[in-house]
Amino acid sequence: MARFRLLDKYLRRYTQLSERELSHQLQTNLWFTPVLYIVFSFVLLALSYTADYKFQMGERMWDIFSVDYDLTQALVSTLTAAILTLTTFTFNLILVVFTTFSGQFSPRILKNFIASKATQRILGIFTGSFFYMLFSFLVLNKRFADHFFTVPLVAVLLASLSMGTFIFFINHAVAWLQVNKMTYEMKKESMSIVKGSLQNEIDPYKVKDTAPLKEYVERLTKREGKQISSNRSGYIQLIDFVEIMEEAKKDDIIIKLEYTVGDYVFSSTPILTYWSNEETELDEPKYLALFSFGKRQTEVQDMEFSINKLVEVAIRSVGNYDPKTASNAINQLGELLSYISCVGNLNPYLVDVDGHLRVILQEKDFSYYLYNGLGYIRHYSEDNVIVGIEILSVLDLIAKSANPRDYDAIWEFAVYTTKGYEKDFLFGLDCEKFNNLLYEIAKSTGHEKDFQHMGP
């Protein structure tokens, strides 16, 4: 009975997830794809034995393709053990990859490897092939047929596919252990989150001219608003911004989110404040249902968590005296920051179709993302001048492609980075390199006069 309760609790947890959360959970679990392949293997098993038992394909084939019962049994039993051995080696290799990722880079990167379609399909092929062989051996019966054709043919084809898949998996694992591949995949994941969270969900409700809204919000926040507290503790994993906008318009209220995706809140923490024109009671459970809480951060909507994985790779590489890996991670992070600047509208005000303010987000401008990305690397690299030069080089690239509204943030960050390394210059070449890069950033951001006033 306890097992049934546990299973019911497990299934209920998945049925309560939103579509995006459910999709993410299925992608980052190793069991889902193999289960699909196992189901397919049973279908293939049924078709194979129907062909040999009911239609007697073994009797109708030429003698060269007809396999007797004893040879079929020996073949299937041998291939069952062989595929089980290959599957065991594959899982051992996965554990090696996990250990390497956790030790050298970050345990948070493991899900990227698990979520890879190649990894899941490879395991699916192995498990599906093994179950086909195992149950073929179980239902093989001489009373129904003396000769077989479909069963041994499919068994040989699946064994050949498994062998080729094993070779491919070795290449796949080795490729994933290469930093270039790993950081590139993390950058792609982060860009997809930016596109989904910023562009598709939030940006349609934003306006370009925020000056009138700023004055209105300043007056609004001076008034005392009502608050809704969280009903559970944990990380905010998902916020349904579209539904919040619709509900806020229906109730004719203005909502300010006190916390955002990725923040940890307690069960009594006020997570939103609202202002209403009428003294009506709000349906608080309706709004709390639009927030998803969990025990850990996820990449579904949390752009910062995805960025932090790249940051952690760079920091670990600096600590392990691996400058090339750090440089690669910083470059990928720079491209991601440039993408955020170009495609993201970072103002915190969301308005409805009538132009009325409905939601006020946590204000996070481009300097915030710069600090949470390159700022952390700068801090942990301490006196490593080479890392500082890499950061300035990436800032130069960002400045040449970023939105003009972010020029001031890029310039200020570059100045602070340079000043932080002044005491660590060992050679005149260090100073010259920093000055040259800072001048290029000044030209790109329109701060040439500020650069001249800085002096030598």
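Y235 has Y264 as its bridge partner in β6. The two tyrosines belong to a pair of antiparallel strands, β4 (residues 234–239) and β6, joined by 2 bridges. Strands count as paired here if DSSP finds at least two bridges between them, and both helices (H or I, at least four residues) and strands (E, at least two) are DSSP runs numbered from the N terminus.

A word on what you're looking at: this is a predicted model, where local features need pLDDT of at least 70 and side-chain atom pairs count only at pLDDT 80 or more, while totals for chains, interfaces and linings use all residues. Residues are numbered from 1 along each chain as its sequence is written, and side-chain values use heavy atoms, with hydrogens and water left out.

**The two sheets**

Back to β4 and β6: they sit in an open sheet of 3 strands, ordered β6-β4-β8, with antiparallel pairing. Its edges are β6 (264–265) and β8 (291–294), each of which pairs on one side only.

There's also an open sheet of 5 strands, and here the pairing is mixed, with the order β3-β7-β5-β10-β9. The edge strands, pairing on one side only, are β3 (226–229) and β9 (349–351). On average, neighbouring strands in this sheet are turned by 25 degrees against each other, direction ignored. Helix α10 (residues 211–222) packs on the sheet and touches β5, β7 (270–276), β9 and β10, with its direction at about 75 degrees to that of β10. Contact means heavy atoms within 4.5 Å; axes are lines fitted to C-alpha atoms, for helices over the stretch in contact, and angles run from 0 to 180 degrees between N-to-C directions.

Strand β5 (residues 253–257) runs parallel to β10 (residues 357–360), with 2 bridges between them. With β7, β5 pairs in the antiparallel sense over 5 bridges. K256 has a bridge partner in each: I360 in β10 and T273 in β7. Since 4 of the 5 residues of β5 are buried, the strand is largely enclosed by the rest of the structure. Buried means under 20% relative accessible area, exposed means over 50%, and partly exposed is in between (1.4 Å probe, protein chains only).

At the other end of the order, β9 and β10 pair in the antiparallel sense over 3 bridges, and L350 finds its partner V359 in β10. These two strands form a hairpin with 5 residues between them, and G355 in the turn has a positive phi of about 85 degrees.

**Nonpolar cores**

The largest nonpolar core has 66 residues, and F101, L370, L374, I377, L395 and I410 have the most contacts inside it. A core here is a set of buried Ala, Val, Leu, Ile, Met, Phe, Trp, Tyr and Cys residues joined through side-chain atoms within 4.5 Å. Helix α16 (residues 385–401) supplies the largest share of that 66-residue core, 9 residues. Apart from it lies another core, of 26 residues, including I202, F241, Y287 and L288. As for I410, its contacts include F366, L370, L395 and I441, leaving aside residues up to four places away in sequence.

**Charged pairs**

The salt bridge count comes to 15, taking a side-chain nitrogen of Lys or Arg within 4 Å of a carboxyl oxygen of Asp or Glu. Here are three of the pairs:

| Pair | Closest N to O |
|---|---|
| K309 and E189 | 3.1 Å |
| K250 and E247 | 3.8 Å |
| D252 and R358 | 3.2 Å |

K309 in helix α13 and E189 in helix α9 (residues 179–202) are 120 residues apart, so this pair links distant parts of the chain. K309 itself is found in α13 (residues 303–319) and is buried, with a relative accessible area of 0%. Beyond residues up to four places away in sequence, K309 touches R108, I109, N112, M186, E189 and E299.

K250 and E247 stay local: both lie in helix α11 (residues 241–251), 3 residues apart, about one turn of the helix. K250 counts as exposed at 62% relative accessibility, whereas E247 is buried at 9%.

D252 lies in the loop between α11 and β5 and R358 in strand β10, so their salt bridge ties together parts that are 106 residues apart in sequence. D252 is partly exposed, at 36% relative accessible area, while R358 counts as buried at 7%. Finally, salt bridges that share partners join E247, K250, D251 and K286 into one network.
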